[in-house]
Amino acid sequence: RTLTGHSDSVLVLAYSPDGYVLASGSLDKTVIIWDAKNRSYDKIRTLTGHSNSVLALAYSPDGCVLASGSEDNTVIIWDAKNRCYDKIRILSGHSDRVSALAHSPDGCVLASVSLDKTVI
C-alpha cells in the first residue's frame, strides 16, 4: 500500500516499539502518524509545530514519547501514550538543524545531534 498525506518529500520514518504505529516526517514540516496495527496504515493524526523540515524521529523504548527533530533547530516531544500525540515540550539549544535523535535504552535520556557539531 502507498501512503499519501504529506505535501512534500518524506525524509524520515520511525515505528513505535510495539510496531502498531508508523510515524513519517517530511519537508512539509509535519509528522504523520499512521495506524500500522493489522497493516491498515490509516492516518491517525498530522502533527504540526515545526517551522521547517522534519529530519529525525525517535520513539522512547516504552512507546509513550515520540521526539521529532527539525531543520528549525528544535526537538518537539509528543505524548504518544494512548495515541493522543499532544505536544509536551519544545526543546531548543542547537544552533543548526537537528539531524538525528536517540533515546537511551531505559528511556530516561534523549540525545540529539545537530549540524552545529554538538550532541545534547
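Biologist: What is the relative accessibility of Arg 97?
Modeller: The scale has three classes: buried is under 20% relative accessible area, exposed is over 50%, and partly exposed lies in between (1.4 Å probe, protein chains only). Arg 97 counts as partly exposed, at a relative accessibility of 30%.

Biologist: Which pLDDT do local features need in this model?
Modeller: Residues are numbered from 1 along each chain as its sequence is written, and side-chain values use heavy atoms, with hydrogens and water left out. The model is predicted: totals for chains, interfaces and linings use all residues, side-chain atom pairs count only at pLDDT 80 or more, and local features need a pLDDT of at least 70.

Biologist: Which residue meets Arg 97 in a salt bridge at 3.9 Å?
Modeller: A salt bridge here is a side-chain nitrogen of Lys or Arg within 4 Å of a carboxyl oxygen of Asp or Glu. The partner is partly exposed, with a relative accessible area of 29%. At 3.9 Å, N to O, the side chain that meets Arg 97 belongs to Asp 96.

Biologist: Which residue is joined with Asp 96 and Arg 97 into one network?
Modeller: By the salt-bridge rule the count comes to 5. Salt bridges that share partners join Asp 96 and Arg 97 into one network with Glu 71.

Biologist: In which order do the 4 strands form the open sheet?
Modeller: Strands are DSSP runs (E, at least two residues) numbered from the N terminus, and two of them pair if DSSP finds at least two bridges between them. The edge strands, β1 (10-15) and β4 (42-47), each pair on one side only. The pairing is antiparallel, and the order is β1-β2-β3-β4.

Biologist: Which residue in β2 stands opposite Tyr 15?
Modeller: β1 pairs with β2 (residues 21-26) in the antiparallel sense over 5 bridges. In β2, the residue opposite Tyr 15 is Leu 22.

Biologist: Where is Arg 1, the partner of Asp 42 in a pair that links distant parts of the chain?
Modeller: The side chains of Arg 1 and Asp 42 form a salt bridge at 3.6 Å, N to O. Arg 1 is exposed, with a relative accessible area of 68%, while Asp 42 is partly exposed at 42%. Asp 42 lies in strand β4, 41 residues apart from Arg 1, which is in the segment before β1.

Biologist: Which strand holds Asp 86, the residue paired with Arg 45?
Modeller: Arg 45 and Asp 86 form a salt bridge, with their closest N and O atoms 3.5 Å apart. Arg 45 is partly exposed at 32% relative accessibility, and Asp 86 is partly exposed at 40%. The two are 41 residues apart: Arg 45 is in strand β4, and Asp 86 is in strand β8.
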